[in-house]
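Work through the exercises below with the sequence and the 3D structure at hand. Try each task before reading its solution.

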Amino acid sequence: MKRTLLALATTTALTVFASGAQAMQEFDMVQDTLKAFLVELNIPTDNIDNLTMQQMREIIAIVDSREMGDGARTQVLGIMAR
């Protein structure tokens, strides 16, 4: 019984760690994509670490709309200023 509980606890801990690592990897991918978009819009990427996930989603949604111009740049700058 003790071995079963230990194995279960170990499996649970590894699963949580793996899912946390996967989440961080996905977050890094989102940040990398966002950096590329900001560079394309000629916006400095210095403050990207200060953005919330919601702000990142809003910016990516604007870029996904394929309106890569002055209007998109203005919208992104507004989101980043919040």
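The exercises that follow go from the whole chain to single residues.

This is a predicted model, in which local features need pLDDT of at least 70, side-chain atom pairs count only at pLDDT 80 or more, and totals for chains, interfaces and linings use all residues. Residues are numbered from 1 along each chain as its sequence is written, and side-chain values use heavy atoms, with hydrogens and water left out.

**Exercise 1. Describe the elements of the protein chain and its burial.**

Step 1. Helices (H or I, at least four residues) and strands (E, at least two) are DSSP runs, numbered from the N terminus.
Step 2. The protein chain has three helices and zero strands, and its elements run α-α-α from the N terminus on.
Step 3. Buried means under 20% relative accessible area, exposed over 50%, and partly exposed in between (1.4 Å probe, protein chains only).
Step 4. Of the 82 residues in the protein chain, 22% are buried.

**Exercise 2. Find the largest nonpolar core and the helices that supply it.**

Step 1. A nonpolar core is a set of buried Ala, Val, Leu, Ile, Met, Phe, Trp, Tyr and Cys residues joined through side-chain atoms within 4.5 Å.
Step 2. The largest one has 16 residues, and L34, L38, L51, I59, V76 and M80 have the most contacts inside it.
Step 3. At least two residues of this core come from each of α1 (2-40), α2 (53-64) and α3 (70-81). With five residues, α2 gives the most.
Step 4. Take L34 and leave aside its neighbours within four places in sequence: L34 is in contact (heavy atoms within 4.5 Å) with I48, L51, M56, I59 and I60.
Step 5. In soluble globular proteins, nonpolar side chains tend to be buried together.

**Exercise 3. Sort residues of α3 into buried and exposed, and say where they lie around the axis.**

Step 1. The buried residues in α3 include A72, V76, I79 and M80.
Step 2. These residues lie on the same side of α3 because they cover an arc of only 95° around the axis; the arc is that of the directions from the helix axis to the C-beta atoms.
Step 3. D70, T74 and A81 are exposed on the other side of α3.
Step 4. An α-helix has 3.6 residues a turn, so residues three or four places apart point the same way.

**Exercise 4. Is each of Q31, Q55 and P44 buried or exposed? List their contacts beyond four places in sequence.**

Step 1. Q31 lies in helix α1 and counts as buried because its relative accessibility is 10%. Its contacts are I48, D49 and M56.
Step 2. Q55 is found in helix α2 and is buried too, at 7% relative accessibility. Q55 touches N50, I79 and R82.
Step 3. P44 lies in the loop between α1 and α2 and counts as exposed, at 55% relative accessibility. P44 touches L38 and M80.

**Exercise 5. Locate the salt bridge and describe its two residues.**

Step 1. A salt bridge is a side-chain nitrogen of Lys or Arg within 4 Å of a carboxyl oxygen of Asp or Glu. By this rule the count is one.
Step 2. The salt bridge joins R82 and E58, whose closest N and O atoms are 2.5 Å apart.
Step 3. R82 is in the segment after α3 and E58 is in helix α2, so the pair, 24 residues apart, links distant parts of the chain.
Step 4. R82 is exposed, with a relative accessible area of 60%, whereas E58 is partly exposed at 22%.
Step 5. Side chains of opposite charge can pair when their charged atoms come close.
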